[in-house]
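Take a look at the sequence and the structure below. This report starts with the ligand and then turns to the helices.

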Amino acid sequence: MGASPRDVVVVGASLGGLFAAAALARPGTRVTVVERDELPEHPAPRAGVPQGRQPHVLLHRGLVAMEQLLPGVRDDLLRAGAVALDTGDLAWLNEPGWATPVREYGVVSATRPLVEHVVRQRVLALRGVRLVQGTRVQGLARGVGGRAWSVDTTRREGHAVVRRERLEADLVVDASGRASRLPLWLSELGVEPARRHKVDARVGYATQVLELPHDRVAAAGVVVLQRAGARGGLALPVEGDRWLVAGVGAGELRPSRADLRTFLGLVPDPALAQLVDAGHLVGDVAVHRQTGNLRHDYHRVHDWPDGLLVLGDALCCFNPVYGQGIAVAALEAVELRDADASGRLGRPGGARRLLGRFASVVDVPWGIATGTDLRLPTTEGRLTGLDAAFSSWTQELTRLAAHGDRTVQRSLSAVYHLAAPPTTLLRPRLLAHALRARVTGVGPGVPRPQILAPAQARRDSAATS
Ligand SMILES: Cc1cc2nc3c(=O)[nH]c(=O)nc-3n(C[C@H](O)[C@H](O)[C@H](O)COP(=O)(O)OP(=O)(O)OC[C@H]3O[C@@H](n4cnc5c(N)ncnc54)[C@H](O)[C@@H]3O)c2cc1C
């Protein structure tokens with residue numbers, strides 16, 4: 001590959017692919033984004049993103065990275081109906097109790113199709129970016145005539161292939177998600193396989209739309225973290241005065257399509273059931289169970305080819321309970337933009353080195369997700385040594401935060417939002433707080449936050465009395 005790629009093919013036009021296209025779009029570069037789905041004109045769920053009907057939050061750090069790639073995108077989202085909220089205003093129940101309410105991080109909440117729609121419009125308006133939709137990438141071959149890659153694509157109508165096309169590219173970016181076929185394509189090219197890591201807590205989601213005006217709810221949203229032996233769930237406000245309400249459980253406690261209301265009634269706190277009773281559930285229940293953490297060590301493959309990259313869920317996907325996937329894809333795309341702009345990507349070995357940078361982006365969220373999941377009995381494997389000690393320490397800090405310790409709460413949130421490294425949790429100041437709590441005892445537990453707005457709560461209690 002030369003110093004700057006002229007022809008780029010991105011596999012997949014979901015968020016990872018769109019961020020990659022935004023990162024690479026610049027004069028002299030043609031970016032072709034190939035997507036197997038026909039994309040809807042208006043925000044709507046689609047087959048290629050089966051998680052699209054589940055609730056999605058954009059972690060603060062992810063939103064910042066999205067702004068770096070597409071300045072003004074947060075305002076675009078808000079204009080399209082997304083809801084701005086401060087994560088400190090969420091009613092958030094952890095195992096030891098309710099999180100202390102403190103000013104935390106500005107995020108936006110919207111349905112996944114709306115986020116993708118807004119980002120897609122922005123990216124397709126960039127010069128040099130084009131979309132080839134309804135077309136599947138079938139495989140990669142070494143390029144000819146000085147090009148790094150030939151990308152084989154097919155377009156189908158029904159079962160019939162109606163067009164085959166070979167796209168020549170200097171750089172290919174795989175952003176085809178959890179079901180990426182890159183391991184197969186690499187083996188066909190004779191490239192050494194990458195090691196895979198899988199940590200699956202067997203978490204399932206069941207989600208339905210709730211019609212309930214946002215101003216009838218006092219909390220910005222509700223999260224009841226699912227934990228060993230107990231159901232959980234969440235409710236987040238989305239565009240159009242609606243909410244997405246999800247039941248979340250692991251193993252035998254995974255929710256089914258059958259009855260979300262009953263499931264939510266079995267969650268240890270009634271907050272979610274209260275919301276559902278105050279509004280109207282509409283449409284089908286969408287169930288999703290592909291949630292295991294899965295990571296590929298492509299950066300360790302010695303004969304990794306130049307001009308080939310992979311990001312987003314195709315590189316690493318997480319248990320979605322921690323809301324990290326989109327943020328990680330955006331952070332990787334910022335790395336991609338910087339490596340491309342500086343010429344580092346175009347140097348021999350540049351793609352593999354950049355995959356090493358992506359691996360550093362992934363390390364922290366991977367540690368957070370797997371460190372928590374490995375405590376669950378539904379996950380195979382256990383934490384050992386330092387990881388187990390760190391996990392216990394985090395639990396202890398969560399307990400302090402559930403008893404009103406604001407400093408601890410802020411530190412936990414910073415790490416959770418990928419705004420500070422996990423080593424933040426080892427600062428002497430936090431250690432001092434834990435020691436003081438050992439000596440003097442913890443303060444009273446954080447009181448249960450108000451869920452419904454006062455007028456609504458009065459109407460509800462009048463109706464039930
Ligand atoms: C239940 C659930 C809840 C989640 N909640 C959150 C959350 O709150 N916050 C968050 O940040 N993340 C969340 N995530 C994760 C988030 O959905 C993903 O991290 C994100 O969508 C990854 O984007 P991606 O572009 O890498 O992959 P995907 O979104 O999976 O997209 C892959 C794209 O590639 C296309 N494609 C696949 N194969 C081919 C091919 N051969 N040729 C052409 N096109 C192809 C597909 O059609 C699709 O458009 C959640 C995930 C789940 C499962």
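## Contacts with the ligand

An oxygen atom of the ligand sits 2.8 Å from a polar backbone atom of Gly16. This model is predicted. Ser14 makes a contact too, but through its side chain: a polar atom there lies 2.6 Å from an oxygen atom of the ligand. Gly323 uses its backbone, with a polar atom 3.3 Å from a ligand oxygen. How much of the ligand's accessible area does the protein cover? On its own, the ligand has 1000 Å² of accessible area, and the protein covers 95% of that.

## The shell around the ligand

How many residues surround the ligand? There are 33. The closest are Ser14, Glu35, Val57, Arg112 and Asp313.

The shell is a mix of residue types. Polar residues number 16. Eleven residues are nonpolar, and six are charged.

## Where the shell comes from

Several helices and strands feed the shell. Helix H1 spans residues 15-24, and helix H8 spans 325-341. Strand E3 covers 56-57, and strand E9 covers 135-142. Each of these four elements supplies at least two shell residues. Which of the elements gives the most? E9 does, with three residues.

## H1 and H8

The two helices that help to form the shell, H1 and H8, also pack together. Their axes are 8 Å apart, at an angle of about 20°. An angle under 35 degrees counts as roughly parallel, so H1 is roughly parallel to H8. The crossing of this pair is right-handed.

## H12 and its two partners

Now move along the chain to helix H12, residues 428-440. One partner is helix H10, residues 385-401. The axes of H10 and H12 come within 11 Å and cross at roughly 70°. Why is this pair called roughly perpendicular? Angles of 65 to 115 degrees earn that name, and therefore H10 and H12 are roughly perpendicular to each other. Their crossing is left-handed.

Another partner is helix H11, residues 406-416. H11 and H12 pack with their axes 10 Å apart, at an angle of about 135°. That angle falls in none of the named ranges for parallel, antiparallel or perpendicular, so the pair counts as oblique. H11 passes H12 in a left-handed crossing.

Terms used: Residues numbered from 1 in each chain as written. Predicted model: local features only at pLDDT ≥ 70, side-chain atom pairs only at ≥ 80, totals over all residues. Heavy atoms only, no water. Near = heavy atom within 4 Å. Polar contact = N/O pair within 3.5 Å; in protein donor to acceptor, adjacent residues only side chain to side chain. Areas by Shrake-Rupley, 256 points an atom, 1.4 Å probe, with all protein chains shown as cover. Nonpolar A, V, L, I, M, F, W, Y, C, P; charged D, E, K, R; others polar. Axes fitted to C-alpha atoms, helices over the stretch in contact; angles between N-to-C directions. Parallel < 35°, antiparallel > 145°, perpendicular 65-115°, else oblique. Left-handed = near helix turned anticlockwise from the far one by under 90°.
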